[in-house]
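Dear colleague,

Please find the structure below, handed over for your work. My findings follow it.

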Protein chains: 2
Amino acid sequence: MLFTMSESNILDLLLSVTHTLQADQDRELDRRGLTTARTHLMWVLFHGGPATQVQLAEALAVTPRNVTALVDGLEATDLARREPHPTDRRAVHVHLTERGLSIMETMNAEHTALGSDLLAGLDEATVATTIRGLEAIRANLERLIAEHEAARAE
Amino acid sequence: MLFTMSESNILDLLLSVTHTLQADQDRELDRRGLTTARTHLMWVLFHGGPATQVQLAEALAVTPRNVTALVDGLEATDLARREPHPTDRRAVHVHLTERGLSIMETMNAEHTALGSDLLAGLDEATVATTIRGLEAIRANLERLIAEHEAARAE
DNA sequence: TATTGTTATACTCTATAACTATA
DNA sequence: TATAGTTATAGAGTATAACAATA
């Protein structure tokens, strides 16, 4: 992640925290022989159930061709499998295997635990205000992006 | 980025914000014909001055071989150049070109502006508490990672 | 005619290993 | 002998374009 070298403002602090989160997660995935892109696809299946490759491409914001490659990799490592689509013979239904499901359950539990552990030692008022602050930042960010896109479209 | 589908906790909120930031930045880089990895290298040069490729490899946490490829790309687009190292004939000194420097100055200004714009409408107390909250989260995160590494090393 | 997924091709980022030139 | 950087090779993620099968 870029822009984490100085921390003169809240943006750098935010990026620093998520850079550390990301690096930690990458190490964990590497230990399990997983990659970020494939895990992301599994995460979508875990939370949304079986899906066609076009649906996965939309969810991941990548091309259908890319999903073909990702599912190939997941099938080769017994993490997901292609099954016939119940009604459309052109499409396939991608499912998690038992192994893939088990891994995602573990990762989901770890994710939830991390969410609590990160707040250790913070009082409720601080947590509440931090959440409000982050939500305001997100709202500002989305407004800025929308304004920027609008200006560009002129 | 993973794990941004639900936002039941502050971790998901945090990841959601930085996911949006990252996506916005990727679009900007793409418009300028830049990539994340090459821009990161330029960012290191911009803030740290000319460096050898080994130093860049350490700063970016990649292999020296990878830096060769990144600098090749930056040289081909007139964003950086290799110069002889003043004292070590084995090494090269990588510099930003005028064009590279100009782009980094623009990006740095945009980054600073974004840092302020994200706080629009927030009162000082909220900002201060949000910063405290994020710093506590970062401290917890670093402690958790250290504990985890220690447990693994046993 | 439109959609789903694949084959073909290419570029970027990344790694390891072997090698050259220099220290 | 150790270090800086490159050549060689490989894998993963990503894209566009052309194509087959099906809707």
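**Findings in the predicted model**

In this predicted model, B:Thr77 sits in the loop that joins helix H4 (64-76) to strand E1 (80-84) of chain B. Its relative accessibility is 34%, so B:Thr77 counts as partly exposed. The C-alpha atom of B:Thr77 is separated by 9.5 Å from that of B:Leu34, although the two are 43 residues apart along the chain.

Helix H1 (residues 10-31) of chain B comprises 22 residues and spans 32 Å from first to last C-alpha, close to the expected 32 Å. Because 16 of its 22 residues are buried, H1(B) is largely enclosed by the rest of the structure. At the N-terminal end, B:Asn9 acts as the cap of H1(B), with a side-chain oxygen 3.0 Å from the backbone nitrogen of B:Leu11. After H1(B) comes B:Gly33, which has a positive phi near 70°.

Turning to DNA strand D, 20 residues surround it, and those that come nearest are A:Thr35, B:Val54, B:Arg65, B:Thr68 and B:Arg90. By class, this surface has eight charged, six polar and six nonpolar residues. Sugar or phosphate accounts for 73% of the strand D atoms within 4 Å of the protein, and bases for the rest.

Contacts from chain A include the following:

- A:Thr35 places a polar side-chain atom 2.3 Å from a phosphate oxygen of strand D.
- A:Thr63 has a polar backbone atom 2.9 Å from a phosphate oxygen of strand D.
- A:Asn66 has a polar side-chain atom 2.8 Å from a sugar or linking oxygen of strand D.

H4(A) gives the largest share of the surface near strand D, three residues.

Yours sincerely

Notes. Residues are numbered from 1 along each chain as its sequence is written. Chains are lettered from A and ligands numbered from 1 in the order in which they are written. This is a predicted model: local features need pLDDT of at least 70, side-chain atom pairs count only at pLDDT 80 or more; totals for chains, interfaces and linings use all residues. Side-chain values use heavy atoms; hydrogens and water are left out. Helices (H or I, at least four residues) and strands (E, at least two) are DSSP runs, numbered from the N terminus. Buried means under 20% relative accessible area, exposed over 50%, partly exposed in between (1.4 Å probe, protein chains only). The expected span of a helix is 1.5 Å times one less than its number of residues. A polar contact is a pair of N or O atoms within 3.5 Å; within protein, one must be able to donate a hydrogen and the other to accept it, and residues adjacent in sequence count only if both atoms are side-chain atoms. A residue is near a molecule or strand if one of its heavy atoms lies within 4 Å of it. Ala, Val, Leu, Ile, Met, Phe, Trp, Tyr, Cys and Pro count as nonpolar, Asp, Glu, Lys and Arg as charged, and the others, Gly among them, as polar.
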